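Please explain how this model is put together, going from the order of elements in one chain to the core and then to a single loop position.

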Amino acid sequence: MLLFRSEEHIDRWCEQRKLERGGTMSPETALRLGAIWYADK
Amino acid sequence: MTFETLDRDVRLFVIQHFVETAQPPTAEETAEALHLTLTESAAAYDRLAADHVFVLEPGTREILMANPLSAVETAFPARIGEKRYYGACIWDALGTVAMLGGSGTIDSRCACCDEALTLEIDNLELRPVEAVVHFAVPAAHWWDDIVYT
């Protein structure tokens, strides 16, 4: 999972590598999910 | 001692060692600390790797990742207090901060343009930042090649 400045940068990165675009989420959401994921680790 | 208990103890020791030193212990160090034989310690490493708890360097019992912590420097460093840890990806870097108290700074970069992207987190609150997390690999395939993921 990589971090990008914007959705446009994701599009450009995928296009350069001829990769299908995957799912995205905000860092805020990823942090909230991570907090749940790692709460009992 | 059951495998379940042994593996739990090994996992806990490895994570504690990783958190304290920013490096994972060897199977020998784990055996010594937990009063195990090297065979027992190594077998626990193998089981935990098979269960996707650890990622081992291919052909060795050296821990590459004990999620969310990476033994090698990556583009996702998480500064927490005076210590610096590395996540294998942005998900793991955020998870590291979440796991270790909820406050820290991730000094990352845009994967496309290499512009610095700093994520500052205070008590699980992220300061506003223009950034997006991209999952190039669907979750169902993360472990097909976890290092690539």
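Read from the N terminus, the elements of chain A follow the order β-α-β-α, and chain A accordingly has two helices and two strands, where helices (H or I, at least four residues) and strands (E, at least two) are DSSP runs numbered from the N terminus. This is a predicted model, in which local features need pLDDT of at least 70 and side-chain atom pairs count only at pLDDT 80 or more, while totals for chains, interfaces and linings use all residues. Residues are numbered from 1 along each chain as its sequence is written, and chains are lettered from A and ligands numbered from 1 in the order in which they are written.

The C-alpha atoms of chain A fill a box of roughly 40 × 15 × 10 Å along the principal axes, and 27% of its 41 residues count as buried (20 or more other C-beta atoms within 10 Å of the residue's own, against 12 or fewer for exposed and partly exposed in between, with C-beta atoms placed from the backbone).

The largest nonpolar core, a set of buried Ala, Val, Leu, Ile, Met, Phe, Trp, Tyr and Cys residues joined through C-beta atoms within 7 Å, has 44 residues, and those with the most contacts inside it include A:Leu3, A:Phe4 and B:Cys89. Helix 4 (residues 90–99) of chain B gives the largest share of this core, seven residues.  Leaving aside neighbours within four places in sequence, B:Cys89 is in contact (C-beta atoms, placed from the backbone, within 7 Å) with A:Met1, A:Leu2 and B:Phe76.

B:Pro128 lies in the loop between strand 8 (125–126) and strand 9 (132–135) of chain B, and is exposed because 8 other C-beta atoms lie within 10 Å.

Note on methods. Contact = placed C-beta atoms within 7 Å.
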